[in-house]
Amino acid sequence: MWPENVGIKALEVYFPAQYVDQTDLEKFDGVSAGKYTIGLGQSRMGFCNDREDINSLCLTVVHRLLDRYAIKPEQIGRLEVGTETILDKSKSVKSCLMQLFEPSGNTDVEGIDTTNACYGGTAALFNAISWVESSAWDGRLALVVAADNAVYASGSARPTGGAGAVAMLVGPDAPLVFDRGLRASCMRHAYDFYKPDLRSEYPTVDGKLSIQCYLSSLDTCYQRYCDKAKAKKQGHDVTVRDFDAMLFHSPYCKLVQKSFARLALVDFLNSAKSNSIQNHVDLQKFSNLSLEDTYFDRDVEKAFMALSKNDFEQKTKPSLFIANQVGNMYTPSVYSGLVSLLIDKPIEALAGKKIGVFSYGSGLASSMYSITVTKDVSQDSALSKLVTNLSYVKTQLEARRKVHPEEYTETLALREKNCHTVPFEPQSSIDNMFPGTYYLVKVDELYRRTYERIPNLK
C-alpha cells in the first residue's frame, strides 16, 4: 500500500538580513548600466557576513519551520541536507542539526548530506519522498534542507551570487503532491563549474560551457519527461501547455527566461516532426534544426523568446521573485521559486494546478518532475496553512539592510582571509539579524564551532 498524496507539507525560506543593490554594484564595478539588472535580470543580492555559515543557515531554517508549524522534534524520522557549501570533509551538516533533536531524546533520525553543486537539495528531496513510500517508513515525517552560501571571486560571475536556505516537510496527505512515476533525469561528466580548491569558498567556472550544459540537460530532461507522461496518458502528446507553472533552477533570472523559450523550441521541433506546425509558418526556417546547434544561436533564441513571452509571463516569471531579490541560492534556488509562486497567486488560483520543476547542478546532475497542488482551499486546509505561513517573506525581504558595494567587497575579503582560520571569532554585528537567526560565536583551535540564536519574537 502506497501512502497517499506524498509531497511537501510545509515550507520555510531564510535569507540573510543584508543585501547589495545590483545597480550600485554596476557602478562600483565600472560596467555598463543594466549589465546586471537587465542583462542578468537581477535586482538585489543577499550575502552572508562572517557571522553566518552553512551550519547556521540550516539551524535557522529548520528551527523556524519547527516553530512556525508547531512540529515536535520527535515527529521527524528522516533529515536530509542538500548543500555544496562544505565546512568539513567528514562531519555532515545534518549531524550539526541533530542538536535541535537530541534534547527531546530523538536520535533515531535517518539521513545525511548530499552534494553535487545546485542539485543536492533535489537529491535530498527525492530521498525523503522515497523513504516515505518505502518499507522503511515508520509513519513519521521527513525534513529536507537545501542551503548554500554562493560567492564568487571578483569578476564577471560575482553578481550571480546569493545565499539562503529552504526547509521542506515531507509526508503523506500533502498539499503539494509529487506526481508518482513522472520523473526524468540527465547525469553526465562535465567540468562546467566545480570547487577543487578546498581552501577557498570560490568555484572554478567555465561560463559558456556551464550554459551549454544547463540547456542541454534541460532539453534532455524535458523530452524524457514528456515521453514518460505521454506513455501514462496513452499517446497524448505533452507540451508546455500541460503545465500551469514551470519552475527552473535560477543561476540568474535572464537564463530562466531563455530556458523557458527552450521548451517552446523543443515543442516546436517535435511538432515539425509530426507535420503540425501550420500555426507557426514564420518559424518554418527553424524546423530542421538540431537542438545541439542552437545553444548560442541568437536568432533562434530571439524567435522563441518572443513566441513564448506570454506563457513565460504567466507560468514562470512569478516564480523568480525571490531569485531576483536574493540571487542564486544554489541548492535552494528552484525551491525559492516554489515559495515565490505560492505567495504570488490567490490560493484559489493555485488549486489543482500542475507545476513542472527543473533542477540542475553542475558537474552535472539534473532532473525534471512535476507537482500537483491539492484542490482543497478551505480556510483550515493544509494548502491554506502553508500559504498563510509564508506571509513573512515579502516583509522580511524589505526589512533587510542595504549594504554599499564597498562593504560587500570588504566582507567577502574578510571571509576569504579567515577561511579555515583557527581560532577565529567573527567581527560582524548581530544587531540587524532577523529574530530566530543562528549565528557563529567562535571557532576554537580544534575547529569546533559554537552557535547561539537571536531570540525569537513571540
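This report describes the sheets, helices and nonpolar cores of a predicted model.

**The nine-stranded sheet**

Nine strands make up an open sheet with mixed pairing, and their order is 5-4-6-7-1-8-13-12-11. Strand 5 (113–114) and strand 11 (245–248) are the edge strands; each has a single partner strand, so one side of each is left without a neighbour in the sheet. Strand 11 runs parallel to strand 12 (residues 354–361), and four bridges join the two. One pairing can be named here: Ala245 has Ile355 in strand 12 as its bridge partner. In general, strands of a sheet pair through backbone hydrogen bonds, either parallel or antiparallel.

Helix 10 (residues 333–344) lies across several strands of this model, including strand 1 (7–14), strand 7 (162–171), strand 8 (176–187) and strand 13 (365–373). Strand 11 and strand 12 are also crossed by helix 10.

**The three-stranded sheet**

Another open sheet has three strands in the order 3-2-14, again with mixed pairing. Its edges are strand 3 (44–46) and strand 14 (401–403), and because each has a single partner strand, one side of each is left without a neighbour in the sheet. On average, neighbouring strands of this sheet are turned by 40° against each other, direction ignored. Strand 2 (residues 18–21) and strand 3 run antiparallel and are joined by three bridges. Here Tyr19 has Gly46 in strand 3 as its bridge partner. Helix 14 (residues 405–418) lies across strand 2, strand 3 and strand 14.

The table lists the angle of each helix to one strand that it lies across.

| Helix | Strand | Angle |
|---|---|---|
| Helix 10 (residues 333–344) | Strand 11 | about 145° |
| Helix 14 (residues 405–418) | Strand 14 | about 85° |

**The nonpolar cores**

The largest nonpolar core has 86 residues, of which Leu11 and Val393 touch the most other members. Leaving aside residues up to four places away in sequence, Val393 touches Val13, Phe15, Ile322, Val339 and Ile343. Another core, of 44 residues, lies apart from it; among its members are Tyr36, Met45, Tyr252 and Tyr360. In soluble globular proteins, nonpolar side chains tend to be buried together.

**Ile347**

Ile347 belongs to helix 11 (residues 347–350). Is this residue, Ile347, buried or exposed? Ile347 has a relative accessibility of 14%, so it counts as buried, the cut-off being under 20%. Beyond residues up to four places away in sequence, Ile347 touches Val377, Leu383 and Ser384. Ile347 and Thr388 are 41 residues apart along the chain, and their C-alpha atoms are separated by 9.4 Å.

Technical notes:
Residues are numbered from 1 along each chain as its sequence is written. This is a predicted model: local features need pLDDT of at least 70, side-chain atom pairs count only at pLDDT 80 or more; totals for chains, interfaces and linings use all residues. Side-chain values use heavy atoms; hydrogens and water are left out. Two strands pair if DSSP finds at least two bridges between them. Contact means heavy atoms within 4.5 Å. Axes are lines fitted to C-alpha atoms, for helices over the stretch in contact, and angles run from 0 to 180 degrees between N-to-C directions. A nonpolar core is a set of buried Ala, Val, Leu, Ile, Met, Phe, Trp, Tyr and Cys residues joined through side-chain atoms within 4.5 Å. Buried means under 20% relative accessible area, exposed over 50%, partly exposed in between (1.4 Å probe, protein chains only).
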